[in-house]
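Hi,

Here is the structure I promised to pass on to you. Have a look at it first, and my notes follow below.

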Amino acid sequence: MKARELVESILRRPQAGVADNMRFITREQMVYVLDLIAKDEEAAALRRGAGNSFVWSPSGRDRYVVTEDFRPDRHTLTKVKSLVPEGVGSLF
């Protein structure tokens with residue numbers, strides 16, 4: 001399974017009381033997602049974010065933020081839309 005497939009499958013599962021673009025995940029899920037991203041062809045697009053978060057910006061309009069929380073099972077996976085797709089640049 002590719003990282004993007006797993007992330008999208010997690011985000012497709014509804015969770016009560018949570019925004020459509022965010023899901024709470026377990027520590028095991030968080031570690032597995034970050035592991036898959038590290039093995040992905042677009043692993044270089046992963047960088048540290050603010051606090052205890054990682055931002056993954058694969059090609060396209062979607063960015064994903066994985067945030068570690070100190071409470072068990074309260075880690076978050078968030079999908080963020082970008083106005084400018086990653087990998088799109090100017091000629092000069």
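Strand 3 (residues 53-56) leads into strand 4 (residues 60-67) by a hairpin of three residues. The model is a predicted one, where local features need pLDDT of at least 70, side-chain atom pairs count only at pLDDT 80 or more, and totals for chains, interfaces and linings use all residues. Residues are numbered from 1 along each chain as its sequence is written, and side-chain values use heavy atoms, without hydrogens and water.

Strands 3 and 4 run antiparallel and are joined by four bridges; Val55 has Val65 as its bridge partner in strand 4. Strands here are DSSP runs of E with at least two residues, helices are runs of H or I with at least four, and both are numbered from the N terminus. Two strands pair if DSSP finds at least two bridges between them.

Strand 3 also pairs with strand 2 (residues 46-48), antiparallel over three bridges, and there Leu46 stands opposite Trp56. Four residues lie between these two strands in their hairpin, and Gly51 in the turn has a positive phi of about 65°.

Now to Arg23, which sits in strand 1 (residues 22-25). Arg23 is buried but has no salt bridge, with Asp20, the nearest side chain of opposite charge, 4.9 Å away. Buried means under 20% relative accessible area (1.4 Å probe, protein chains only), and a salt bridge needs a side-chain nitrogen of Lys or Arg within 4 Å of a carboxyl oxygen of Asp or Glu. The Arg23 side chain does reach two backbone oxygens: that of Arg13 at 2.4 Å and that of Ala19 at 2.9 Å.

Best wishes

Conventions: Buried < 20%, exposed > 50% of the residue type's maximum accessible area, 1.4 Å probe, protein only. Lys, Arg positive; Asp, Glu negative; His and termini not counted. Polar contact = N/O pair within 3.5 Å; in protein donor to acceptor, adjacent residues only side chain to side chain.
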